[in-house]
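Student: I should like to learn how the features of a protein model are read, one after another. Could we work through an example together?

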Amino acid sequence: MGFVYQEVRLHGRQGQPWLTITLQAHQGMRARCSECRQPAPGYDRLPQRDWLFVPLWGMPTYFLYAPRRVQCPEHGVIVEHIPWSQGKRALTTAMMGFLARWARHLSWRQTAQAFQTSWEAVYRSVEWFVQWGLAQRQLDGVEAIGVDEIHWGKGKRADNFLTVIYQIDHHCRRLLWVGRRRTQATLRRGLAALGPAVVNGLCFACSDMWRAYLKVIAAKAPQALHVLDRFHITMHLNKAVDEVRRAETGRLRGRPLADKLKHMRWKLLRRCSRIRGQAKRRLYGLLRSKLATGRAWMLKETFQDFWHYRSLSWAAAFLDVWCTRALRSRIEPMRKVARMLRTHEGLLLNWFRAKGEISAAAVEGLNNKIRVVTRRSYGFRTYHAMEIALYHTLGRLPEPESTHRFC
Ligand SMILES: [Zn+2]
């Protein structure tokens with residue numbers, strides 16, 4: 001690479017030892033311009049600098065080198081190209097790659113502690129790694145995307161939501177884009193970032209009934225089949241059952257029937273087939289009591305059959321019957337869900353048109369992984385840091401190869 005190791009020294013023999021490796025330019029190799037990488041005549045030499053290298057034998061290790069400046073015909077007097085360095089950073093690219101890889105397994109703070117460096121150094125390393133990956137990644141062959149909103153932080157302010165775009169093709173599931181807020185403008189920004197080639201090539205788009213998303217997808221990717229997915233519909237049904245339970249608990253306070261609803265919250269949100277033993281007996285007791293909560297739960301549970309139809313027309317017929325029942329139930333939260341499903345019937349039935357192409361679990365699975373990152377005690381100090389961490393763990397980004405050999 002045009003440089004040779006000149007001297008290796010061990011310092012501070014007691015307490016905290018560290019190593020320095022002094023480098024020298026190879027005799028007869030001309031320095032190259034850092035802008036165009038072309039060899040250029042030398043100009044002068046700058047004072048010696050140090051770069052943190054990957055730890056050797058557990059000791060912090062520094063490269064020492066006095067960079068030359070060259071007189072490039074095109075770029076004037078400019079510092080030479082240094083293959084282990086990126087601009088003015090104090091870390092070698094090898095060390096940045098090393099820290100970034102560890103930061104996938106440990107929190108950023110733990111990574112900094114383990115390798116005796118700062119949180120800031122880990123952050124900058126991951127940032128460099130991610131920026132490189134985003135610039136190099138391939139986006140062809142993206143056919144199915146899932147769009148979703150994620151809540152993070154405390155409170156329900158607009159800034160506490162993220163819009164995420166996933167690729168949910170069978171062969172590749174990854175985070176493509178993340179942006180702050182959940183407005184039409186956010187999603188427009190995201191699709192613009194992916195570029196027209198990706199957006200025009202989409203066959204399927206999967207999302208919740210969030211109006212902002214429905215509008216933008218219809219406008220920007222009209223050729224894509226828009227599917228309302230199972231995961232989100234189930235979430236709406238669960239929310240409605242929970243609302244009914246809470247309201248009824250309030251109404252029955254102090255009466256013996258109220259006991260039927262005690263400690264039932266999580267049991268009601270599970271699927272019937274997953275409830276066993278004592279819990280199942282209590283559930284049956286609730287159903288026999290004719291309480292609104294029991295009836296709401298039955299409606300939710302029967303809706304699961306919808307997803308198992310093979311024929312589009314049978315699924316449509318089922319949906320019609322189910323909605324009619326729900327609308328007549330006199331349970332307002334369930335009626336609200338039924339009205340919503342009726343309004344979006346076409347998009348809902350697209351699930352069957354896309355059968356086999358869209359996995360019900362893809363969006364849910366990626367969402368769960370995102371929650372792990374946003375909640376893990378990374379100690380993100382800024383929104384930007386969290387965004388970087390999400391791309392780092394879920395983006396399946398290509399990695400700078402020059403940094404591989406030290407890990
Ligand atoms: Zn140049």
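The dialogue below takes up sheets, a helix, salt bridges and backbone angles in turn.

Student: What kind of model is this, and how are its residues numbered?

Tutor: This is a predicted model, in which local features need pLDDT of at least 70 and side-chain atom pairs count only at pLDDT 80 or more, while totals for chains, interfaces and linings use all residues. Residues are numbered from 1 along each chain as its sequence is written, and side-chain values use heavy atoms, with hydrogens and water left out.

Student: How are helices and strands assigned, and when do two strands pair?

Tutor: Both are DSSP runs numbered from the N terminus: helices are H or I with at least four residues, and strands are E with at least two. Two strands pair if DSSP finds at least two bridges between them. Here, an open sheet of 4 strands runs in the order β1-β2-β5-β4, and its pairing is mixed. Its edge strands, β1 (3-11) and β4 (49-56), each pair on one side only. The twist averages 25 degrees from one strand to the next, where axes are lines fitted to C-alpha atoms (for helices over the stretch in contact) and angles run from 0 to 180 degrees between N-to-C directions.

Student: Over how many bridges do β4 and β5 pair?

Tutor: β4 and β5 (residues 59-65) are antiparallel and share 6 bridges. Within this pairing, F63 in β5 is the bridge partner of W51.

Student: What is the order of the sheet of 3 strands?

Tutor: That open sheet has the order β3-β6-β7 with antiparallel pairing. β3 (42-45) and β7 (76-79) are at the edges with a single partner strand each, so one side of each has no neighbour in the sheet. The twist here averages 30 degrees from one strand to the next. β6 (residues 68-72) and β7 pair in the antiparallel sense over 4 bridges, and C72 stands opposite G76 in β7.

Student: How should the length and the faces of a helix be read, taking α12 as the case?

Tutor: The expected span is 1.5 Å times one less than the number of residues. α12 (residues 332-343) has 12 residues and reaches 16 Å from its first C-alpha to its last, close to the 16 Å expected. For its faces we need accessibility: buried means under 20% relative accessible area, exposed over 50%, and partly exposed in between (1.4 Å probe, protein chains only). The buried residues of α12 are P333, M334, V337, A338 and L341. They line one face of the helix, because seen down its axis they fall within an arc of 140 degrees, the arc being that of the directions from the helix axis to the C-beta atoms. The exposed residues K336 and T343 are carried on the face turned away from the buried side.

Student: Against which helices do the buried residues of α12 pack?

Tutor: They pack against α7 (230-251), α10 (292-303), α11 (312-328) and α13 (345-353). Contact means heavy atoms within 4.5 Å. As a further case, N238 lies in α7 and is buried, at 16% relative accessible area. Neighbours within four places in sequence aside, N238 is in contact with L268, L269 and K300.

Student: What counts as a salt bridge, and how many are there?

Tutor: The rule asks for a side-chain nitrogen of Lys or Arg within 4 Å of a carboxyl oxygen of Asp or Glu, and by it the count comes to 16. R246 and D242 form one, at 3.8 Å from N to O; these residues are 4 apart in α7, about one helical turn. D242 is buried at 9% relative accessibility. D242 also meets R265 in a salt bridge at 3.4 Å. Since D242 lies in α7 and R265 in α8 (residues 265-269), this pair ties together parts 23 residues apart in sequence. D242, R245, R246 and R265 are linked in a network of salt bridges.

Student: Which residues other than glycine have a positive phi?

Tutor: Most residues other than glycine have a negative phi. Among the exceptions here is R37, with phi near 65 degrees, in the loop between β2 (18-25) and β3; R37 is partly exposed at 46% relative accessibility. Another is R330, with a phi of about 60 degrees, in the loop between α11 and α12; R330 is exposed, at 76%.
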